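Colleague: Could you take a close look at one buried spot in this model and walk me through what sits around it?

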Amino acid sequence: MKVYVLIGLVAVAVTYLMTPIVRQAALAFKAYTPVRSRDVHSVPTPRLGGLAMLAGFTAAFVVASRIPYIRSQFDDPSSWSVLVGAWAICALGFIDDLWDLVWWTKLAGQVLIAGGMAWGGVQLVSFPIFGLTVGSNRLSVAITILVVVACINAVNFVDGLDGLAAGCIAIGSCGFFVYTYMLVRLSNAQSYASLSASMVVMLIGVCVGFLPHNFHRATIFMGDTGAMLLGLLCAAVGVMVTGQVDPADLGTSQVLPALLPILLPLAVLLLPFTDMSLAVVRRLRAGHSPFHPDRMHLHHRLLNLGFSHAGAVLVLYMWTALISLGASSLLLFSPEKVAIVWVLGFIVLVIVTALTARKKKRLCLTT
């Protein structure tokens, strides 16, 4: 565990220290997010914060690959494919943040990067459900590209409030880390070294290091550079874990936890995926492109209900924690106990959200 803490701290420290430097560079490049009708910030704010996150991830990756305890995990070429993919997606995001690429150009770049990562070994090959495997290498690559591109855009869609994307991904990834760490303890008593656990810690670290600069009122935005990076890393970790679980290793009483490689990535990104799905349906019904911007995202709806900027973000944090940590706890506790706690937490959050919205609405009407 100490090794993972060290890796995480490297990612936090480098990201935190690099963010002000990147902010100055963004000001020099005049890379601002202007105030548009769909936005909630009131002044133009520099973006490109994803470059600081990339620096934190790269530094933590290099340090981790040199630590004797887990160095052997980085002999897998797929790990370096993730690093190359991270740099490539940030390059695409950097160009988009500077010159606002048309949606189909950005989508084509995402597909190429996801394809390169799949070609490098990050492929969705098998599922931990009765030993099912993907029928062919081409199909495996195609499914992997679809998953990676979907995750990239899901995080990009939800990145609409200060600290929202970074915080939600950090919270969700904590649940994913619990799963990956406990899984390797259950399946391999000789060593707790895990490439996927290391990657998740790096992901958590860059989010935590960036949040002090990005929480309301943000001094810098992550931009498409950071949002697409987080989405790609979430997808990569999910793909790397899926297929590594044999239900027989966990025992017949733990079949449900064996499904977690599929459930957990969905749980971590449930909020972004829900927001993206609603947006795509809404825009297509209106005759617009799925990437046509509007002001009807989940966070916009919370603001319309009367939530403050920070209040809306904190509510979405709580929902993310309930879903992701609830899913990961299935590896530690019986489904019955998890279900009871989850239902109670769900009821409490519904009441808190509803009462807070009503109170905020009344204050808005009285003022």
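Modeller: **A close look at Thr225**

Thr225 is buried, its relative accessible area being 0% (buried is under 20% relative accessible area, exposed over 50% and partly exposed in between, with a 1.4 Å probe and protein chains only). Before going on: this is a predicted model, where local features need pLDDT of at least 70, side-chain atom pairs count only at pLDDT 80 or more, and totals for chains, interfaces and linings use all residues. Residues are numbered from 1 along each chain as its sequence is written, and side-chain values use heavy atoms, leaving out hydrogens and water.

Thr225 belongs to helix 8, residues 223-241 (helices are DSSP runs of H or I with at least four residues, strands are runs of E with at least two, numbered from the N terminus). Its side chain makes a polar contact of 2.6 Å with the side chain of Asp97, and also reaches the backbone oxygen of Gly93 at 3.3 Å. By polar contact I mean a pair of N or O atoms within 3.5 Å; within protein, one must be able to donate a hydrogen and the other to accept it, and residues adjacent in sequence count only if both atoms are side-chain atoms.

Setting aside neighbours within four places in sequence, Thr225 is in contact (heavy atoms within 4.5 Å) with Leu48, Gly50, Leu51, Cys90, Gly93, Phe94 and Asp97. Leu48 deserves a look too: Leu48 sits in the loop between strand 2 (45-46) and helix 2 (50-66), and is buried at 1% relative accessible area. Phi of Leu48 is near 75 degrees, a positive value in a residue other than glycine.
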